[in-house]
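Have your viewer ready and your selection box open. We will go from stop to stop, and at each one you will hear what to select and what is there.

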Amino acid sequence: LGASVWFPCKDHQGDEPDNGATIRMIVPDSLVAIANGRLQSVTKRKNNESVYEWKVVNPINNYNIVPYIGKYVNWKVNYSSTSGNNLELSYWVLDYNLEKATPQFNRDTPRMLAAFEYWFGPYPFQEDGFKLVESPHLGMEHQSAVAYGNQYKNGYLGMDRSNSGWGKKWDFIIVHESGHEWFANNITTKDIADMWVHEGFTNYSETLFTEFYYGKEAGNEYSVGSRRTIRNDKPIIGQYGVNKEGSGDMYAKAGSMIHNIRHAMNNDSLFRSILIGLNKDFYHQTVTTQQIENYISNKSGINFSKVFDQYLRTIQIPVFSFQYDQKEQILTYQWKNCIAGFDMPLHFTYASKHFEFLPTDYQPQKRLIKIANFDTKTFAEEIKKQYYVEVIIE
């Protein structure tokens, strides 16, 4: 919605203050006022009022600046960041929720940081600290003061949105909204039309968190389950220059596209280095989708331009079409229902063997596959574990 609904500003993602912001709030002295960054002072005034001053020293997008006012209590924990510094974790909750909040925050926040510093690099706002603050809404990625309203439950308000079982093993809002500190807050798109960079990578951070603690197969299952929310109603990228975001598929569909790209690389160490590199090379910057797309293609050595075009700019889901001749043991395959030149590589395992396919959209290809009792349905399912594609057995 934007910050201009509550304070006058140039409400545009491409314009961030280079040196942060100072937020002052005058409140009844029976209440506590919290904002982004670090608390500078609390000054008592006449008429039973207090002035709270908070200061952010890093670049911050207007929409991330937030006031929280309530009967808050606070506790703090030190965390050893991979940057080599001690990161202060500061938790603010309404006084009557302290007992529920303490084990939930103390458990999942350090777990989130360990996973994301592994995948994305050091927490990008060390100088401003990290806060979780109880809010009256579900959650929001307010930089260094992440809003939390998930009722101190695992999952998404107690539900597993992926329906895989894995989503109830951790607190969705702590993981997802904190993941935005890297993608949305550290790396911010200049135009809201490119919001997939925020939501797609952060959606995929849920898969990476699951994998970090429960294994790669669990991560795959979570990713596959997350696809159930995809609508394919309109393109993910919106209209430029008019404050117009694209489809809500910027979450699960864009996350599934990143899952595709990862498996097409067939090199997890390279994939991880690209995620870390994005956060290092675009540190505290505003970017365009083209910068992100080009970076991934250049660093991977694979031209993913057709993959980005397919998933971000159309609503067609590619179809891997194949048939298997049991007698000749010949697999015939190609891409269908895709843009011209679609060329996403496929890497997957079937019957304990690794397969690499480079299908084209313009002609069928053939491959000799000598596997006893070749099962086409299982073969198709193995592809769909790694890739968000349709698979048709001709």
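Before the first stop, a word on terms: two strands pair if DSSP finds at least two bridges between them. One thing to keep in mind throughout is that this is a predicted model.

**Stop 1: a hairpin**

Select residues 346-350, which make up strand β15, and add residues 353-357, strand β16. These two strands pair in the antiparallel sense, with 5 bridges. Now look at the link: 2 residues lie between the strands of this hairpin, and Ala 351 takes a positive phi near 50°. Back in β15, burial is the rule, as 4 of its 5 residues are buried. Show Phe 348 as sticks and look across to β16, where Phe 355 stands opposite.

**Stop 2: aromatic rings**

Keep Phe 348 on screen and add Tyr 333 and Phe 357. The structure holds 48 aromatic pairs, and Tyr 333 with Phe 357 is an edge-to-face one, at 4.7 Å centre to centre and 80° between the planes. Tyr 333 belongs to strand β14 (residues 330-336) and Phe 357 to β16, so this pair ties together parts that are 24 residues apart in sequence. Turn next to Phe 348 and Phe 357: their rings are stacked, with centres 5.7 Å apart and 10° between the planes. Are these rings buried or exposed? Tyr 333 and Phe 357 are buried, and Phe 348 is buried too.

**Stop 3: an open sheet**

Select β1 (21-28) and β3 (38-45), then β4 (residues 49-56). Together the 3 strands form an open sheet in the order β1-β4-β3, with antiparallel pairing. β1 and β3 stand at the edges with a single partner strand each, so one side of each has no neighbour in the sheet. On average, neighbouring strands here are turned by 20° against each other, direction ignored. Zoom in on β1 and β4, which pair over 8 bridges; Ile 26 has Val 51 in β4 as its bridge partner.

**Stop 4: the largest pocket**

Which residues lie nearest the centre of the largest pocket? Select Leu 1, Gly 2, Tyr 63, Met 140 and Met 195 to see them, out of a lining of 38 residues. The space inside is about 760 Å³. Colour the lining by class and you will find 18 nonpolar, 12 polar and 8 charged residues. Finally, highlight β9 (139-140), α2 (172-179) and α3 (196-214), each of which supplies at least two lining residues; α2 gives the largest share, with 4.

Key: Residues numbered from 1 in each chain as written. Predicted model: local features only at pLDDT ≥ 70, side-chain atom pairs only at ≥ 80, totals over all residues. Heavy atoms only, no water. Buried < 20%, exposed > 50% of the residue type's maximum accessible area, 1.4 Å probe, protein only. 1 Å grid on protein atoms, 1.4 Å probe; cavity = no way out; pocket = protein on both sides within 12 Å on 5 of 7 lines; lining within 4 Å. Points joined across faces, edges and corners; volume = space filled by probe spheres on them. Nonpolar A, V, L, I, M, F, W, Y, C, P; charged D, E, K, R; others polar. Axes fitted to C-alpha atoms, helices over the stretch in contact; angles between N-to-C directions. Phe/Tyr/Trp six-rings, centres within 6.5 Å; stacked < 30°, edge-to-face > 60°.
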